[in-house]
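User: Could you take a close look at one small parallel sheet in this model and walk me through how its strands are arranged? A little context on the rest of the protein would be nice too.

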Amino acid sequence: MSITLKITVAAAMAAMLCHFSASAYDFESNGLYYSRISGKNAEVKVDKRLAADGENTYKGVYIIPEQVTADGKTYTVTAIADSAFSKSQATEVQIPNTVTTIGESAFAYDEALTSITLPTGLKAISKTMLAGTGITSVLVPEGVTTVGYGAFQSCPSLHTVMLPSTLTFIDAYGFNNCHSLAEIYSAAAKPPTATGWAIFIGLQNIDLIVPASAVSAYEADGVWGDKATFNVYPSEDVSLSMTLSGTPYGSNWTRLALGNNFGYKIYRGTDLIAVTAADNYYFPITAQNVDYTIVPTNMLADGDPLTFSVAPAAVGTVEADRHPAVWASSGIIFISGDNYGTWTRVYDVYGNLFYARR
């Protein structure tokens with residue numbers, strides 16, 4: 001019996017690229033542009049391929065890899081350059097833990113950017129790093145000691161901020177003009193020094209949640225104790241009822257919906273691989289099933305852990321002989337030919353049977 005089957009799938013469009021300048025970056029890989037910063041490391045650079053107006057053409061979701069290969073050599077991605085995504089249309093950015101430095105204005109005035117996962121090895125939030133973006137929640141990871149000048153200023157949708165116990169200093173204009181800011185979780189036992197100059201100018205009735213033992217210290221602080229700006233509360237338990245739902249993202253990733261203005265610690269085994277308040281987190285699809293532990297957190301307390309499993313891709317190889325042939329064209333998968341009475345089966349990326357016939 002001869003069969004013909006077509007299955008609609010998401011397809012990625014490839015475009016011919018016109019390089020702006022050989023000096024702007026050293027190489028490109030999977031839509032990101034890099035410069036070598038040592039014999040073994042690389043940093044993500046701005047994408048200015050349109051020389052006419054210098055437009056930054058990054059657009060959509062970017063999952064920055066830990067390593068990238070060019071000219072037969074592998075580099076570890078350790079930095080994001082100044083203004084790399086500034087004024088672009090990147091919507092979500094997931095940064096690996098190999099990155100320890102994010103440059104000034106790296107995402108500034110990317111109004112399309114709604115969520116970001118910062119690396120666990122970061123030590124500072126640089127000057128105007130996320131100013132003018134569309135982020136709604138942000139978790140600053142443990143280890144960060146400073147929030148730079150204007151780092152989050154003019155973020156109109158920013159609602160929730162989670163600050164680590166290691167934070168000691170917030171520079172001027174740090175959260176200026178963030179009029180949707182409703183809650184700040186600060187895990188620092190000692191109130192971080194804030195310059196007092198336009199840090200939270202014009203903002204009112206922000207719930208400030210701090211360690212129970214530090215409430216009086218925050219209330220006595222010249223900036224944090226401003227009752228017109230802050231309502232200081234002791235730390236609270238984390239209780240979050242949610243169902244983990246993963247969906248395919250391309251052929252190599254599974255996207256897990258998070259959100260809820262909460263932070264999340266993500267473990268593989270006992271290894272902490274991410275802390276994030278992003279709307280989504282992207283897990284690689286590998287050859288083996290991998291279980292992850294997802295722990296809701298507000299930086300002061302953790303909720304009950306949840307388990308999330310990422311299944312391997314169902315199709316390892318496709319071979320064509322006298323049995324049905326398989327090919328793809330314009331976002332359509334075609335299966336055609338005589339199956340000689342044997343079963344023809346199609347599985348999705350989670351190993352679920354999608355189609356069967358003989």
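Analyst: Here's the sheet, followed by the cores and the overall picture. Bear in mind that this is a predicted model, with local features needing pLDDT of at least 70, side-chain atom pairs counting only at pLDDT 80 or more, and totals for chains, interfaces and linings using all residues. Residues are numbered from 1 along each chain as its sequence is written, and side-chain values use heavy atoms, leaving out hydrogens and water.

The sheet is open, with three strands in the order 5-8-10 and parallel pairing. Strands here are DSSP runs of E, at least two residues, numbered from the N terminus, and two of them pair if DSSP finds at least two bridges between them. Strand 5 (59–63) and strand 10 (115–117) are the edges; each has a single partner strand, so one side of each lacks a neighbour in the sheet. On average, neighbouring strands are turned by 25° against each other, direction ignored, going by lines fitted to C-alpha atoms, with angles between N-to-C directions running from 0 to 180 degrees. Strand 8 (residues 89–94) runs parallel to strand 10 and is joined to it by three bridges; valine 93 has isoleucine 116 in strand 10 as its bridge partner.

As for the wider context, the protein has one helix (a DSSP run of H or I, at least four residues) and 30 strands. Buried residues, meaning under 20% relative accessible area with a 1.4 Å probe and protein chains only, make up 46% of its 358 residues. Isoleucine 80 has contacts (heavy atoms within 4.5 Å) that include Phe85, Ile95 and Phe107, not counting residues up to four places away in sequence.

Methods. Buried < 20%, exposed > 50% of the residue type's maximum accessible area, 1.4 Å probe, protein only.
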